[in-house]
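Dear colleague,

Please find below the sequence and the structure that I am handing over to you. My notes on what was found follow directly after.

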Amino acid sequence: MTTLKETLHADLTTAIKARDQLRSATLRLTLAAIGYEETAGKTARTLSDDDVVKIITREVKKRREAAEAFEKAGRAESAEHERAEAEVLTAYLPAQLSDEELQSLVTAAVTETGASGMAGMGAVMKAVQPKVAGRAEGARVAAEVRRQLAG
C-alpha cells in the first residue's frame, strides 16, 4: 500500500509530464512543507499519513486565508489562483463531515464529557478533535461546540 506522501510524489511526476503548472507548483510546495516537517527538530523522522493530512489541511487553510486577503485587496486574479491551489490539495484530504455528522459527533462529546456552558468548551473540543481528525476544519468544529453549549 502506498503512503500519501508517495501518492503526492507520483502525482507531481504526472503533473510535470503533463505540463500542469498549477498542480506541479502546488504539489512541490506541499512536498517541501512535508520535507521541512520531517527534518524539523533534533532528529529526522518519517511522517505518518495522519501527519501528512494535517500538513495538507494546514496548507489548504493558508490558501483560503490568502484568497480572502487578496479578495479584500481587490486582487481577484490572485485570489482565484489561491482557490485553485486549495482545490488541488483538497482532493488529497479525507471526505469532509456533513453538518449532521459533525452535529452528532459534538452531541456525543458533550454527553460524554458532561459539559454544560461555555466553561466546558475545552473538554468537549479535546474529546471531539480525535474523532474529527482532518474531516472538518477546527473553526467549524468550534462553532458547532459553541452553538450546542450555548444552546
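I begin with one pair of side chains: K5 and E38 form a salt bridge, with an N to O distance of 2.7 Å. Please bear in mind throughout that this is a predicted model. The K5–E38 pair connects distant parts of the chain, since K5 belongs to helix α1 and E38 to helix α2, 33 residues apart. The two partners differ in their surroundings. K5 has a relative accessibility of 25% and therefore counts as partly exposed, whereas E38, at 11%, counts as buried. The cut-off behind this is that a residue is buried when its relative accessible area is under 20%. As general background, side chains of opposite charge can pair when their charged atoms come close.

The surroundings of E38

Helix α2, in which E38 is found, covers residues 21-39. The side chains of E38 and K5 are also joined by a polar contact of 2.7 Å. Leaving aside residues up to four places away in sequence, E38 touches K5, T43, A44, R45, T46 and L47.

Further salt bridges

The search of the whole structure returned 11 salt bridges. Two of them, described next, involve E37.

- R45 and E37 form a salt bridge in which the closest N and O atoms are 3.9 Å apart. R45 has a relative accessibility of 41% and so counts as partly exposed. E37 is likewise partly exposed, with a relative accessible area of 24%.
- E37 and R58 meet through their side chains in a salt bridge of 3.4 Å, N to O. This pair too links distant parts of the chain, with E37 in helix α2 and R58 in helix α3, 21 residues apart. R58 is partly exposed, its relative accessible area being 38%.

Elsewhere, a network of salt bridges links E59, K62, R63 and E85.

The packing of α1 against α3

How do the axes of α1 and α3 lie with respect to each other, and at what angle do these helices pack? Helix α1 spans residues 4-17 and helix α3 spans residues 49-72; they pack at an angle of about 55 degrees, and their axes are 8 Å apart. The two helices are therefore oblique to each other. The residues that meet are L4, K5 and L8 on the α1 side and D49, V52, V53 and I56 on the α3 side. Sorted by class, this contact comprises 5 nonpolar residues, no polar residues and 2 charged residues. K5 thus appears both in the contact with α3 and in the salt bridge with E38.

Two loop residues

R19 lies in the loop between α1 and α2. The phi angle of R19 is near 55 degrees, a positive value in a residue other than glycine. For context, most residues other than glycine have a negative phi. R19 is exposed, because its relative accessible area is 74% and the threshold for that class is over 50%.

A40 is found in the loop between α2 and α3. With a relative accessibility of 31%, A40 counts as partly exposed. A40 and G117 are separated by 77 residues in sequence, and their C-alpha atoms are 39 Å apart in space.

The chain as a whole

The chain contains 7 helices and 0 strands. Read from the N terminus, the order of elements is α-α-α-α-α-α-α. The C-alpha trace spans about 55 × 45 × 30 Å along its principal axes. Of the 151 residues in the chain, 32% are buried, and E38 is one of the residues that count as buried. Among the contacts with a separation of 6 or more, 59% are between residues 24 or more positions apart.

When you open the model, I suggest looking at the following places:

1. The salt bridge between K5 and E38, which links α1 with α2.
2. E37, which forms salt bridges with R45 and with R58.
3. The contact between α1 and α3, where L4, K5 and L8 meet D49, V52, V53 and I56.
4. R19, with its positive phi near 55 degrees.

With kind regards

Technical notes
Residues numbered from 1 in each chain as written. Predicted model: local features only at pLDDT ≥ 70, side-chain atom pairs only at ≥ 80, totals over all residues. Heavy atoms only, no water. Axes fitted to C-alpha atoms, helices over the stretch in contact; angles between N-to-C directions. Helix = DSSP H or I, 4+ residues; strand = E, 2+ residues; numbered from the N terminus. Parallel < 35°, antiparallel > 145°, perpendicular 65-115°, else oblique. Contact = heavy atoms within 4.5 Å. Nonpolar A, V, L, I, M, F, W, Y, C, P; charged D, E, K, R; others polar. Buried < 20%, exposed > 50% of the residue type's maximum accessible area, 1.4 Å probe, protein only. Polar contact = N/O pair within 3.5 Å; in protein donor to acceptor, adjacent residues only side chain to side chain. Salt bridge = Lys/Arg side-chain N within 4 Å of Asp/Glu carboxyl O.
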